[in-house]
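User: Hi! I'm new to reading protein structures. Could you help me see how the labels people use are justified?

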Amino acid sequence: AARREATGRRLARFAALRGGAGRGRWGPARAYRRQLAEKLRGRELPLGARYHVFVDPPGPKIGNGGSTLHVLRCLEDLYGDKWTSFIVLLIHSGGYSQRLPNASALGKIFTALPFGDPVYQMLDLKLAMYIDFPSHMKPGILVTCSDDLELYSTGLTETITFDKPGFTALAHPSDLTVGTTHGVFVLDPSSISGKGGLEYTSCHHFLHKPDVETMRQCGAVCIRGNSSQLSSSGDHSDSEMDSECVYTDSIFYMDHSIAKQLLMFYKQIGTLSCEIDAYGDFLQALGPGATQDYTKNTSNVTKEESQLVEVRQKLYSLLKGTALNVIVLNNSKFYHIGTTQEYLFHFTSDSKLKFELDLLPVAFSSFSEKAESLDQSASVIQSILEPGCSVGPGSVIEYSRIGPEVSVGKKSIISGSHINVKVDIPSDCFLSSLSIKINGQVKYISMVFSVEDDLKRSVKLLSEIHSLQFFGVSLLECLELWGVKVSDQLFSGENTRLGLWTARIFPVCSTLSESVRMSLKMLNSVRHMSAFKLHGFKLLSVEEMLTYKDVEDMLKFRKQIYDEICLQRQKEKSDM
């Protein structure tokens with residue numbers, strides 16, 4: 001409840017800055033620049049900050065650590081020495097978003113949230129949550145990701161201050177299982193009481209995604225003390241009171257002298273050809289207890305490059321001995337919204353996030369109360385639902401137009417679609433439509449999956465594709481039903497990654513509603529094991545549709561929906 005109140009206060013401050021020359025001094029490819037321009041034109045962001053979009057250099061992936069270094073270089077190229085006087089918010093918002101594909105085309109940082117008028121996106125919420133920071137911050141860089149949220153409450157007289165040399169990180173009390181997928185701080189237990197909203201301490205050393213045994217051996221596990229803060233925040237049951245916890249990471253700050261050292265380092269390397277993790281590879285070098293062991297551990301690495309160990313060792317010797325200051329937020333919670341499951345859970349079920357952000361079942365949408373059945377646990381964001389349609393419990397509809405004879409099952413996601421035919425969309429269905437441009441012509445394509453399907457999974461050989469699942473059925477069987485031949489031409493990209501992401505199975509159509517209809521027919525054929533031949537269509541993979549995406553046209557469709565809802569609201573007002 002305290003977090004809800006504190007969050008509401010920050011949102012109100014941010015709402016007052018939307019479209020104003022805000023003194024919140026934050027500085028955040030083409031799709032991103034286009035959307036930023038739209039948001040600024042629509043007065044959805046503070047106008048006093050400078051916003052930039054920087055793309056990784058061409059070539060091999062360099063990870064969010066490499067991106068951080070690259071951004072420092074871009075800032076210096078743009079501003080010369082002046083950049084060292086800036087307060088910078090750096091949001092890592094790249095990635096293909098394979099686990100939440102409705103964010104793939106326009107970026108996770110522009111994910112819509114079910115509240116606000118106009119609807120808030122992840123970027124707005126980030127800026128609102130950090131609204132108190134700039135005025136208590138020395139020049140430096142605050143680093144965060146685009147698919148997580150930190151909600152917290154502090155005492156009225158307490159402020160979060162980023163003014164110490166070196167690195168400063170926020171820490172959140174979490175269950176041990178959460179620690180295994182995050183960074184964990186090893187703190188001196190006597191330096192934290194668990195009392196009050198926040199405490200300043202320093203970190204002995206930092207563990208990156210440790211197992212529980214490592215946390216215990218290193219002394220990272222604490223007992224949530226019987227402190228007054230924990231019992232009065234109203235969020236901790238008695239069982240949680242004496243439970244074990246670890247302090248996990250979220251966002252971190254580095255002052256300018258460190259940023260300059262890192263930039264020098266980046267220039268000396270020349271070309272980076274391996275993935276560096278801003279959390280694992282920067283923070284593990286810090287604190288008096290840091291050792292060089294992690295530099296050789298590549299178990300968490302997606303692709304081990306020859307350069308990685310060498311770069312880590314150089315970073316270690318550069319940063320060794322640097323302080324890692326920690327701000328422990330005793331009443332805080334870290335939320336991740338990076339997968340279809342997390343997205344559905346937080347927006348529709350009775351989650352704490354829903355309560356703390358006061359998320360709505362219907363946000364900036366048009367639907368007639370009397371006609372259709374809309375389950376209270378569903379979430380509808382900037383969409384038009386025509387009388388007669390129905391939406392099942394736990395489903396999310398965003399930026400879509402749903403016709404009168406459409407029924408949507410449970411726990412489904414519909415994004416950017418126009419459905420104007422009589423259809424039953426099954427439960428656990430993921431449907432997302434894109435505008436694409438091929439040879440100068442705008443076309444439409446819709447991807448359809450189960451929300452459980454694993455779009456990251458791939459096999460190396462055509463003989464193994466029977467093991468890939470589409471809506472619980474072997475992809476091989478699906479291809480037979482659709483009359484699609486198995487050959488080297490079936491998958492896009494490198495032929496070593498054969499999976500749902502690269503399978504050329506989705507038909508290109510000339511209208512948005514037609515593309516939705518075709519994809520739903522494909523799904524229907526798999527569910528009823530009846531043939532539906534995809535002959536005569538150009539077929540693309542998800543990977544390919546993202547390279548052909550037409551951002552302008554997708555934003556135009558969203559704007560049409562927005563304008564129509566505004567008109568209807570005006571009409572309702574004048575009728576009253």
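**Rings, charges and domains**

Analyst: Happy to! One aromatic cluster is made up of Tyr 130, Phe 133, Tyr 152, Phe 162 and Tyr 253. Keep in mind that this is a predicted model.

User: How many aromatic pairs does a search of the whole structure find?

Analyst: The search finds 19 aromatic pairs. One of them joins Phe 133 and Tyr 152, with 6.4 Å centre to centre and 20° between the planes.

User: Why is the pair of Phe 133 and Tyr 152 called stacked?

Analyst: Two checks are needed. Ring centres must lie within 6.5 Å and planes must be under 30 degrees apart. At 6.4 Å and 20°, Phe 133 and Tyr 152 meet both limits, so the pair is stacked. The pair also links distant parts of the chain: Phe 133 is in the loop between α4 and β2, while Tyr 152 is in strand β3, 19 residues apart.

User: What makes Phe 133 and Tyr 152 count as buried or exposed?

Analyst: Buried means under 20% relative accessible area. Phe 133 has 1% relative accessibility, so Phe 133 counts as buried. Tyr 152 has 3%, so Tyr 152 is buried too.

User: Why is the pair of Phe 252 and Tyr 279 called edge-to-face?

Analyst: Here the angle decides: planes over 60 degrees apart count as edge-to-face. Phe 252 and Tyr 279 have 90° between the planes and 5.3 Å centre to centre, so the label fits. Phe 252 belongs to strand β8 and Tyr 279 to helix α10, 27 residues apart.

User: How do you know that Arg 558 lies over the face of Tyr 399?

Analyst: CZ of Arg must be within 6 Å of the ring centre and within 35 degrees of the ring normal. Arg 558 is at 3.6 Å from the ring centre of Tyr 399, which satisfies the distance limit. Arg 558 is listed as lying over the face of Tyr 399. Arg 4 lies over the face of Phe 355 as well, at 4.5 Å from the ring centre.

User: What makes the contact of Glu 552 and Arg 34 a salt bridge?

Analyst: The limit from side-chain nitrogen to carboxyl oxygen is 4 Å. Glu 552 and Arg 34 meet at 2.5 Å, N to O, so this is a salt bridge.

User: How many residues of domain 1 and domain 2 are in contact?

Analyst: In domain 1 there are 19 residues in contact with 22 residues of domain 2. The area buried between domain 1 and domain 2 is about 1,900 Å², and carbon and sulfur atoms give 66% of that.

Technical notes. Residues numbered from 1 in each chain as written. Predicted model: local features only at pLDDT ≥ 70, side-chain atom pairs only at ≥ 80, totals over all residues. Heavy atoms only, no water. Phe/Tyr/Trp six-rings, centres within 6.5 Å; stacked < 30°, edge-to-face > 60°. Helix = DSSP H or I, 4+ residues; strand = E, 2+ residues; numbered from the N terminus. Buried < 20%, exposed > 50% of the residue type's maximum accessible area, 1.4 Å probe, protein only. Contact = heavy atoms within 4.5 Å. Buried area = accessible area lost by both parts, 1.4 Å probe.
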